[in-house]
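Good morning. I have one structure to show today, and I will go through it part by part. Please have a look at it first.

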Amino acid sequence: MKIGVLLKQVPASDSRIKIADPQRGVALDDVKWEINPYDEFALEAALALLDAKVASDVVLLTVGGADTEQRIRDGLARGATAAVRLDDAAFGGSDCLGVSRILAAAVKAEGITLVFAGKQAIDGDNAQVPAMVAELLGWGYVGEVDQLEVTGAGAKAWRAAGGGARDVVEVGLPAVIGCDKGLNQPRYASLKGIMMAKRKKIDVKGAGAIGVDAGSVGASAALVSETNWGEPPARPPGRVLQGDDAARVKALVAALRDEVKVI
Amino acid sequence: MLDLFLDETHHALRDSAQAWVDRHIAPHAAQWEADKHFPRELHRAAAEAGLVGVTYPEAVGGAEGDVFHGLVVAEALIRGGSVGTAMGLGSHAISLPPILALGTPEQHQRFVAPVIRGEKVSCLAVTEPAAGSDVAGIRTRAVRDGDSYVIDGSKTFITSGLRADLAVVAARTGGDPDDAATRHDGISLFVVEKGTPGFQTGRALQKMGWHASDTAELFFEGCRVPAENLLGGEGAGFLGLMANFVSERLLLGVSAVATARMALEDSRRYCGERSAFRRPLHGFQVTRHRLAEMAAREAGARAFVATVAERHRRGEDVAADVAMAKNMACDACAFVTDAAVQLHGGMGYMAECRVERLFRDQRLYSIGGGTTEVMNEIIWRRGLAD
Ligand SMILES: Cc1cc2nc3c(=O)[nH]c(=O)nc-3n(C[C@H](O)[C@H](O)[C@H](O)COP(=O)(O)OP(=O)(O)OC[C@H]3O[C@@H](n4cnc5c(N)ncnc54)[C@H](O)[C@@H]3O)c2cc1C
């Protein structure tokens with residue numbers, strides 16, 4: 001079985017994010033990049049199946065420019081067997097649907113039967129791409145998975161259903177799994193893996209190679225357009241309640257009920 | 001390390017090692033230092049992440065990285081914020097090279113491979129109550145008796161001595177420490193396994209720094225070890241210990257510049273946050289200049305350590321240079337950590353403040369792995385004397 005892992009690079013989770021300009025978005029020049037943390041769970045899930053010989057190949061799929069190759073190399077160093085970087089002038093400015101069309105086409109072109117993705121990427125936090133890829137392929141999708149069993153024919157997936165309850169979902173293959181924290185402990189790239197990854201080639205493919213209609217992706221096809229970027233409102237200063245204990249408790253309860261509306 | 005000498009594999013390894021350290025060491029560093037202990041399980045976790053075998057041969061499970069692969073991992077470990085943990089985890093780096101240098105392939109598989117897999121912990125036991133810098137002064141004896149050797153004597157200040165499953169022990173099979181003519185002869189290395197009758201460890205020694213590491217006395221009383229645990233024949237000990245010289249000094253040099261850099265980073269941040277006389281501390285020129293001087297000393301030492309490492313990688317004889325590099329790095333680190341405590345004021349003296357710990361931890365760098373004075377002797381003999 002050939003597994004695909006959707007791998008995205010995102011600014012490191014401890015980055016200080018600043019708005020470059022309201023039209024263009026955030027300033028990315030000084031940002032340190034890393035693999036989207038949820039994608040690390042996805043990659044580990046795939047590598048575990050490779051170790052268990054349930055999978056024969058683990059292919060990384062990344063939409064992005066040459067600057068993503070360091071993250072792709074990291075994935076190869078951890079043990080992925082192949083990688084395709086999806087890059088084409090026509091891809092620029094794609095929204096989530098456009099990116100999903102590119103990825104879905106690549107999944108088909110690579111002959112993949114099981115896709116692991118992070119449940120969301122921590123930059124845009126849209127949580128749309130894995131579900132869209134599944135929909136475009138006509139495959140089942142299970143999101144927010146934190147426990148998983150894969151057999152040759154299908155998968156059984158668990159996820160939190162709120163209030164401590166658990167959903168258990170069975171899905172036939174092919175399918176897309178959106179991975180959540182708790183699914184596994186991602187491995188680290190060892191020097192042996194890093195050296196081996198040097199010999200692995202990253203294929204670069206454009207619209208033609210994966211058979212995606214260039215008119216269906218990119219800025220011109222985007223259904224979502226960003227019009228304005230701004231900082232979140234500054235946190236209002238705290239307030240110290242005055243008076244004796246009884247008065248302060250009363251004021252606190254009133255504030256929680258009437259202003260914050262949490263009780 | 002200095003980026004000038006690093007290729008993409010070093011960068012990738014550094015990122016990977018740092019990610020591991022950020023998760024497995026940094027969150028616990030302060031606690032482990034306070035507990036004077038780090039979990040033994042960490043040896044296995046580090047091995048599984050591939051951080052133990054970086055520079056060792058593939059035949060024993062290593063990755064055959066070059067000296068810089070080893071150094072970027074060493075720096076990442078120090079940056080976990082517990083020098084004691086880094087040094088405890090790193091006791092393989094002084095105990096395995098002599099086995100590899102002198103041992104047979106069977107000995108490599110028996111003693112080295114399990115340590116690289118993280119199943120066993122190893123230590124190196126040379127120093128004795130009456131002999132440290134003067135290795136030829138050791139008095140622990142090993143006497144051949146049939147198929148075994150019987151070892152009597154004691155060792156002290158041994159890193160990982162308490163938890164080690166195997167100790168590489170320097171003992172005399174000949175020569176006399178009190179006789180100038182023969183004291184350098186007959187120093188041999190033996191692997192002594194935990195649980196061997198007659199081998200005991202003493203208490204955990206209490207120290208100024210490196211708190212998370214265990215430092216122990218070892219006692220040998222009629223301790224019988226099989227002759228196949230002798231490494232490289234009688235009298236080969238000095239040769240085995242020499243296998244450590246360059247790498248150990250580079251490791252300590254890197255540890256020193258890594259420690260200095262952390263102290264500098266903490267100071268820079270603190271001097272921006274802390275105010276006095278209605279301005280941030282770095283609003284005073286004297287403070288800015290002190291930070292500049294700290295940065296310059298750290299950068300100079302780092303560049304020199306890296307240059308010597310590169311010359312070593314090229315196969316040059318760097319005996320004198322590596323001694324200079326260790327001393328320079330230790331001096332820079334002593335200066336920077338002392339200045340860091342000063343810049344933190346009273347907070348710099350508090351156990352909750354990281355520079356307090358770095359200041360204590362760095363003090364050993366100029367004593368361990370050959371003292372500053374011993375390095376100066378080498379610089380004279382190998383670099384300056386005719
Ligand atoms: C925390 C810790 C961990 C250690 N871990 C290990 C370990 O794992 N294995 C191990 O075998 N040892 C270990 N050691 C021991 C360490 O290597 C020695 O302490 C060190 O080599 C110095 O030896 P010494 O303590 O006997 O000092 P001494 O040799 O007695 O030196 C005392 C002073 O005399 C100076 N001096 C000595 N000779 C000369 C000379 N020729 N010219 C001028 N000055 C001289 C020294 O520089 C020093 O200033 C450890 C020590 C510590 C504190």
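I will start with the confidence scores, then cover chain B, one of its helices, the ligand, and finally chain A.

This is a predicted model, so keep that in mind throughout. For the model, ipTM is 0.87 and pTM is 0.90. In chain B the average pLDDT is 97, and 100% of the residues reach at least 70.

Now the overall build of chain B. The chain contains 13 helices and 10 strands. Its C-alpha trace spans about 80 × 50 × 40 Å along the principal axes. What radius of gyration would a compact globule of 386 residues have? The expected value is near 21 Å, and chain B has 21 Å, so the two agree.

Two further figures describe the inside of chain B. Of the 386 residues, 52% are buried. Buried here requires 20 or more other C-beta atoms within 10 Å of the residue's own. Among contacts with a separation of 6 or more, 74% join residues that are 24 or more positions apart.

Take one helix as an example, H12 of chain B, residues 354-361. Is this helix mostly covered or mostly uncovered? Mostly covered: six of its eight residues are buried. Those buried residues include B:Val355, B:Leu358 and B:Phe359, but B:Arg354, B:Arg357 and B:Asp361 are on the list too. What do they pack against? The partners are four helices of chain B: H2 (29-35), H5 (83-89), H9 (245-273) and H11 (319-343).

Next, the ligand. The shell around the ligand has 21 residues. B:Gly132, B:Ser133, B:Thr159, B:Thr371 and B:Glu373 are the closest. By type, the shell has 10 nonpolar residues, seven polar and four charged. Three elements of chain B supply at least two shell residues each: strand S1 (122-125), strand S3 (148-159) and helix H13 (372-384).

Where does the ligand lie with respect to the domains of chain B? Domain 2 (122-236) and domain 3 (244-384) both contribute residues to the shell, so the ligand lies between them.

Last, chain A. The domain assignment there gives domain 1, residues 2-221, and domain 2, residues 235-263. The C-alpha centres of these two domains of chain A are 45 Å apart.

To go back to the main point on the ligand: its shell draws on both domain 2 and domain 3 of chain B. That is the end of my part.

Key. Residues are numbered from 1 along each chain as its sequence is written. Chains are lettered from A and ligands numbered from 1 in the order in which they are written. This is a predicted model: local features need pLDDT of at least 70, side-chain atom pairs count only at pLDDT 80 or more; totals for chains, interfaces and linings use all residues. A residue is near a molecule or strand if its C-beta atom, placed from the backbone, lies within 6 Å of it. Ala, Val, Leu, Ile, Met, Phe, Trp, Tyr, Cys and Pro count as nonpolar, Asp, Glu, Lys and Arg as charged, and the others, Gly among them, as polar. Domain bounds come from an automatic or database domain assignment. The radius of gyration is taken over C-alpha atoms; the globule rule is 2.2 Å times the number of residues to the power 0.38. A residue is buried if 20 or more other C-beta atoms lie within 10 Å of its own, exposed if 12 or fewer, and partly exposed in between; C-beta atoms are placed from the backbone. Two residues are in contact if their C-beta atoms, placed from the backbone, lie within 7 Å. pLDDT is the predictor's confidence in each residue, from 0 to 100.
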